[in-house]
Amino acid sequence: MTDYVSMPLYEGSDWDFDLIQRIYDTIETIAVGEMGLNIYPNQIEVISSEQMLDAYSSTGMPLFYKHWSFGKQFVSNELLYRKGLRGLAYELVINSDPCINYIMQENSATMQTLVIAHAAFGHNHFFKNNYVFRQWTDAEGILDYMDFAKRYIANCEERYGQLAVESLLDAAHALMHQGVHRHPRIRARDLKAEAAREAERQAYRDSIYDDLWRTLPTATKAAPAQADARRQALHLPQENILYFLEKSAPRLEPWQREILRIVRLIAQYFYPQRQTKVMNEGAACYVHYRIMTALHERGLITEGSFLEFLQSHTNVLNQPTFDSGHYGGFNPYALGFGIMQDIARICDTPTEEDRQWFGDIAGRGQAMDVLKDIWANYRDESFLTQFLSPHLIRHWRLFKLEDRAGQPEVGVDAIHNERGYRRIRQALAREFDIGRQEPDIQIVDVDLAGDRTLMLEHRVANGILLDEEDATQVLQSLADLWGYGVCLEELDSETGSQLKQHRFQPQTVRQD
Amino acid sequence: MHIIDRRLNPGGKSLVNRQRFLRKAKAAVQQAVRESLKDRSIKELDREGEITIARGGISEPTLHRSHSGGNREHVLPGNKDYLEGDRIKRPKGGSGSGSQAGTGDGEDDFRFVLSREEFLDLFLDDLELPDLAKRKLTGAHTEGIRRAGYTTLGSPSNLSVPRTMQKAMSRRLALRRPSRTELERLETEIAEIEARQPQGSEDAALLEQLHEELARLRRRRALISYIDPVDMQFRRFEPVPKPIAQAVMFCLMDVSGSMSEHMKDLAKRFFALLHLFLTRSYRYVEVVFIHHTDRAAEVDEETFFYSTVSGGTLVSSALDKLLEVVAARYRVDDWNIYVAQASDGDNMSNDNPKTVALMRDAILPIAQYVAYLEVGREDAPSPGIAMQGESDLWSAYESVEHGHRHFVMRNVHHRREIYPVFRELFQRGGAAKKADNP
């Protein structure tokens, strides 16, 4: 790094728009020029704390349709904030192109520097490059889509009544987590590609042609069972319940389908964020830490403001131990940042153990390139499985508990030793795998010959059933949407035996 | 990179959502507001406040895995002395450990702050004074405006264009403002003459005359404007007096020695609610506070709620005082008269006949509605179950209640009963309408 001393960008805590611009430009030279981050263009918006509260309650989006649940969130945030129980986030960043960063006017100049480094470069780079985001979100179109959604729903409220829209949204929100495609769709090929593929196949068939095959007797193909044909026609099994309802529910009006679609697409938009909490925050923290350190080394920020940064940095990255009384699960910031730092260490100064565990990156140097590659190609679950090192397991003194049903005691299954590393790593990765944390529920069939009952299955893993009370409410609203009965069976994923069955009939349609 | 200052954008984006939430949770919130009333001091009744409601009505259910049962694993940080194979007693309260800590329990309470306005709206929702019948025109109070012709002065927004144009036209006609066609006619005439080849002998003189005429017309046209300020006509509005219902509420409270602190507190709470309701919901309601021992006195609000006088009991003294005040200040023909009386029911036994007579013969005929609230000891049974040991006044009043549909009696033993009873007495179509739909 160049070793030169220059004037600090600012002294004290005051800032103005001019200073923000200078801070941004300075950071940009470091982040893009030296670290080689690849970002969407930024748009930085200064807002007041009141507006931050507003933004909070609509999941951070600048535009959102109206629904009471956002009001509920608002009133509870407001109470916590007013009582001083909870501070507000210093920033909010939206995965859009251009990337919108909200920063609060109450922040000091140091905090503004920190949040610009964290959000406008860290998160922004992650949004633009990570494969889950690239696969599932359309950063360019999201704001336009939200605008459309807001207007469409407001329009429906005017036309069909607020209550009707509200109860539909309630039902759709309840199924939001079951409203995402977890696997990328097979995209329809264009004709040219289709022709090329067909030609390739023909060429292959020609090359292996042997007239002898013609003499083989052909077995009469068994006609597919009727049930299979029905399932195929309905594209079942289907795990995206909202999608299935939108396409196939018999009694929905067109506007209802459109609203289901809106909720589903928004759920899909947020799906990558839920899969990359640890990595996303880890990457952003790593980026801001590198940038702030670089600014400090070059004398671009004062010692005082560097200390202010360190204080806030350590607050955010605090990981209480399980018995400290403050423990509320793993702090994704701490976990992510810890692993990112550790990867950089492994690249630059590996130990013998690291060489054994991480042969491909240990001692390779160029930590930034390795990290960028990781940020682009992993999500939380695969990231933890791959990169949680023994060093960190010892550092955090992780241990794994096993809690078996019907036993009075909990067993310590693994601790931070040679025998435990892999088991701890796998278990932790599973905790961050939303595919495992969320119930595996699929629509398997529709009783078309009988009473049109919609049949669902929950493949129960580890004997953990659905939460009864919530399931009752959700399935009831599902039955109302479907218009006929709904039956959900909870099946043991290993033996296939039925553990529980829920049946619901639609409530009589209210004439609002 | 752009920096945008959004601080001046209108705030309150969440207001609609907040209102929708309150509407959704209305029943629960109302219940909570009532609950919170009993813990509030009299002074704080109408403040903004924090309320707590059960999550039940406002839950957002999702399909998720249960928090109990099944086989689970947890990874936790900060191991101190556990070794592989150790057994740990399950902590109390189920499997409360790491991964579930943030998700919370479905039955948690939900807390938030209601503003003063929201609080009062919920609190006073659906209350009214029954039978507010007598209406009267008073000069002082006016409501509403109506169209009242046209005026020459007014604000531009009230300008009446058709009227203004009409006036302007008649002025132009009266003053003979040369019209455009007249000018055009002259101009074409001039052009014709000038175009003549060769020019006749009289043409020059004629041309000069025409030019003069044209100049005169032009001058006149410039002098008499198309629209003049005197043409301006504005729509006029005038305030209209509307008959208003004037009402007076008499709050009669027994403060004699037999009333314990508890009873006084109940009575004061009742009147505090009543006062709040009247001052907020009705602009033209006067409240008269009368407290009595064996003597009655009209007092101000402060004294009524916070004084600590004590003495014997003579209920009729309060009724006498009431009639005295009515005679002095409130003409029966103009005022709707309401009476709310609170007492522990103790009275000098020889005073009861007089009290009943006053109530039946003097007060009920002139009053729209009379509510009698009897406050009892805290340990007494709840109302409606068993009325053992009816008080003197209660049994005396019972005879009155039978004959008069606008006389209502209730008794109260506990703070928590105050609000329901108050509501019952003043709810739209509530107790006050008892005789209409028996």
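Let me begin in chain B, where strand β8(B), helix α7 (residues 261-281) and strand β9(B) make a right-handed β-α-β unit. Bear in mind throughout that this is a predicted model.

The two strands of that unit, β8(B) and β9 (residues 285-292), pair in the parallel sense over eight bridges. One of the pairings puts D254(B) with H292(B) as its bridge partner in β9(B). Strand β8(B) also pairs with β11 (residues 335-343) of chain B, again in the parallel sense and over eight bridges. There, M253(B) stands opposite A342(B).

How many residues of β8(B) are buried? Nine of the nine, counting residues 246-254, so the strand is largely enclosed by the rest of the structure. Looking at the two faces, Q246(B), V248(B), F250(B), L252(B) and D254(B) point one way, while A247(B), M249(B), C251(B) and M253(B) point the other way, and all are buried.

For context on the chain as a whole, chain B has twelve helices and 13 strands. Of its 438 residues, 26% are buried. Taking contacts in chain B between residues at least 6 apart in sequence, 82% join residues at least 24 apart.

Next, the interface. On the chain B side, 57 residues are in contact with 79 residues of chain A. Which elements of chain B each supply at least two residues to that side? They are β1 (2-5), α1 (15-24), β3 (72-76), β4 (87-89) and β5 (109-114). The most comes from α1(B), with six residues. By type, the side of chain B that touches chain A divides into 18 nonpolar, 21 polar and 18 charged residues.

Two of those elements, β3(B) and β4(B), enter a sheet with strands of chain A. The sheet is open, has four strands in the order β3(B)-β4(A)-β5(A)-β4(B), and its pairing is antiparallel. The edges are β3 and β4 of chain B, each with a single partner strand, so one side of each is left without a neighbour in the sheet. Direction ignored, neighbouring strands are turned by 30° against each other on average.

Going through the pairings between the chains, β4 (residues 399-403) of chain A runs antiparallel to β3(B), joined by five bridges. Here L401(A) has H74(B) as its bridge partner. At the other edge, β5 (residues 409-414) of chain A pairs with β4(B) in the antiparallel sense over three bridges. E409(A) stands opposite K89(B) in that strand. A helix of chain A, α19 (residues 421-431), lies across β4 and β5 of chain A together with β3 of chain B, and runs at about 105° to β3(B).

Chain A has a sheet of its own to mention. Four strands, in the order β6-β7-β8-β9, form an open sheet with mixed pairing. At its edges stand β6 (440-446) and β9 (498-504), each with a single partner strand, so one side of each is left without a neighbour in the sheet. Neighbouring strands of this sheet are turned by 20° against each other on average, direction ignored. Within it, β7 (residues 454-460) and β8 (residues 486-492) of chain A pair in the parallel sense over seven bridges. E457(A) has E489(A) as its bridge partner in β8(A).

On to the nonpolar cores. The largest has 156 residues, and those touching the most other members are I27(A), F121(A), A172(A), L175(A), I259(A), V263(A) and I291(A). Helix α12 (residues 277-297) of chain A gives the most to this core, with twelve residues. Apart from this core lies another, of 57 residues, including L278(B), L322(B), V326(B) and A342(B). Back in the largest core, I259(A) touches I153(A), C156(A), L168(A), L169(A) and A172(A), leaving out residues up to four places away in sequence.

Last, a single residue. R379(A) sits in the loop between α16 (367-377) and α17 (380-387) of chain A. Is R379(A) buried or exposed? R379(A) counts as buried, because there are 22 C-beta neighbours inside 10 Å. Setting aside neighbours within four places in sequence, R379(A) is in contact with V132(A), Q275(A), T276(A) and M279(A). The C-alpha atom of R379(A) is separated by 8.9 Å from that of D433(A), 54 residues apart along the chain.

Note on methods
Residues are numbered from 1 along each chain as its sequence is written. Chains are lettered from A and ligands numbered from 1 in the order in which they are written. This is a predicted model: local features need pLDDT of at least 70, side-chain atom pairs count only at pLDDT 80 or more; totals for chains, interfaces and linings use all residues. Two residues are in contact if their C-beta atoms, placed from the backbone, lie within 7 Å. Ala, Val, Leu, Ile, Met, Phe, Trp, Tyr, Cys and Pro count as nonpolar, Asp, Glu, Lys and Arg as charged, and the others, Gly among them, as polar. Two strands pair if DSSP finds at least two bridges between them. A residue is buried if 20 or more other C-beta atoms lie within 10 Å of its own, exposed if 12 or fewer, and partly exposed in between; C-beta atoms are placed from the backbone. A crossover is right-handed if, with the strands pointing away from the viewer, the path from the first strand over the helix to the second runs clockwise. A nonpolar core is a set of buried Ala, Val, Leu, Ile, Met, Phe, Trp, Tyr and Cys residues joined through C-beta atoms within 7 Å. Axes are lines fitted to C-alpha atoms, for helices over the stretch in contact, and angles run from 0 to 180 degrees between N-to-C directions.
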